[in-house]
Amino acid sequence: KTAEVGDIVLAMIDGEFTIKSLAKQKNGMPKLLPANSSGKYSPILITEAMQFEIWGVVTGSFRRFK
């Protein structure tokens, strides 16, 4: 699956993995938005100087309750 704006993606930024929602900045570069609305986490604005790669798109999830 090709990642599109609004998808939840598994991304690698400068050698570290994160799962965030994919969006675009005004300049067309990608940005990654946290799902947590508490304000504790900030969006990650991708720049050309960063090593950025999308490894996958989240299509489902499951939870374990003990």
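# Exercises on a five-stranded chain

The protein chain exposes about 5,400 Å², and carbon and sulfur atoms supply 52% of that area. Keep in mind as you work that this is a predicted model.

## Exercise 1: The overall picture

Task: Describe the protein chain by its secondary structure, its extent and its burial.

Solution. Begin with the secondary structure: the chain has zero helices and five strands, so the elements read β-β-β-β-β from the N terminus on. Next, take the extent of the C-alpha trace, which spans about 45 × 30 × 20 Å along its principal axes. Then turn to burial: 20% of the 66 residues count as buried. Finally, look at the contacts with a separation of 6 or more, where residues 24 or more positions apart account for 36%.

## Exercise 2: Assembling the sheet

Task: Work out in which order the five strands lie in the sheet, and which strands are at its edges.

Solution. A reminder to start: strands of a sheet pair through backbone hydrogen bonds, either parallel or antiparallel. Here the sheet is open, its order is β4-β3-β2-β1-β5, and the pairing is antiparallel. The edge strands are β4 and β5, each of which pairs on one side only.

Now go through two of the pairings. β1 and β2 run antiparallel and are joined by six bridges; one bridge partner in β2 is Glu16, which belongs to Ile13. The hairpin of these two strands has two residues between them, and Asp14 takes a positive phi near 50° there.

β2 and β3 also run antiparallel, with four bridges joining them. On the β3 side, Lys31 is the bridge partner of Ala23, and Pro30 is that of Lys24. This hairpin has five residues between its strands, and Gly28 in the turn has a positive phi of about 95°.

## Exercise 3: Classifying an aromatic pair

Task: Find how many aromatic pairs there are, and decide whether the rings of Phe17 and Trp55 are stacked or edge-to-face.

Solution. Two quantities are needed: a pair of aromatic rings is described by the distance of the centres and the angle of the planes. The count comes to one aromatic pair. Its members are Phe17 and Trp55, with ring centres 4.9 Å apart and planes at 90°. Since planes over 60 degrees apart count as edge-to-face, that is the class of this pair. The pair links distant parts of the chain, with Phe17 in strand β2 (residues 16-24) and Trp55 in strand β5 (residues 52-57), 38 residues apart. As for solvent, Phe17 is partly exposed, with a relative accessible area of 46%.

## Exercise 4: Two polar residues

Task: For Asp7 and Ser38, decide whether each is buried or exposed, and list the polar partners of its side chain.

Solution. Start with Asp7, found in the segment before β1 (8-13). Its relative accessibility is 16%, and buried means under 20%, so Asp7 counts as buried. A polar atom of the Asp7 side chain lies 2.9 Å from the backbone nitrogen of Glu4. Beyond its neighbours within four places in sequence, Asp7 is in contact with Lys1, Thr2, Lys20, Ser21, Leu22 and Val57.

Move on to Ser38, in the loop between β3 (30-33) and β4 (44-45). Its relative accessible area is 52%, and the exposed class begins over 50%, so Ser38 is exposed. Its side chain makes a polar contact with the side chain of Asn36 at 2.8 Å and reaches the backbone nitrogen of Lys40 at 3.2 Å. For a sense of distance, the C-alpha atoms of Ser38 and Met12 are separated by 23 Å, with their positions 26 residues apart along the chain.

Note on methods. Residues numbered from 1 in each chain as written. Predicted model: local features only at pLDDT ≥ 70, side-chain atom pairs only at ≥ 80, totals over all residues. Heavy atoms only, no water. Buried < 20%, exposed > 50% of the residue type's maximum accessible area, 1.4 Å probe, protein only. Polar contact = N/O pair within 3.5 Å; in protein donor to acceptor, adjacent residues only side chain to side chain. Contact = heavy atoms within 4.5 Å. Phe/Tyr/Trp six-rings, centres within 6.5 Å; stacked < 30°, edge-to-face > 60°. Pairing = 2+ DSSP bridges. Areas by Shrake-Rupley, 256 points an atom, 1.4 Å probe, with all protein chains shown as cover.
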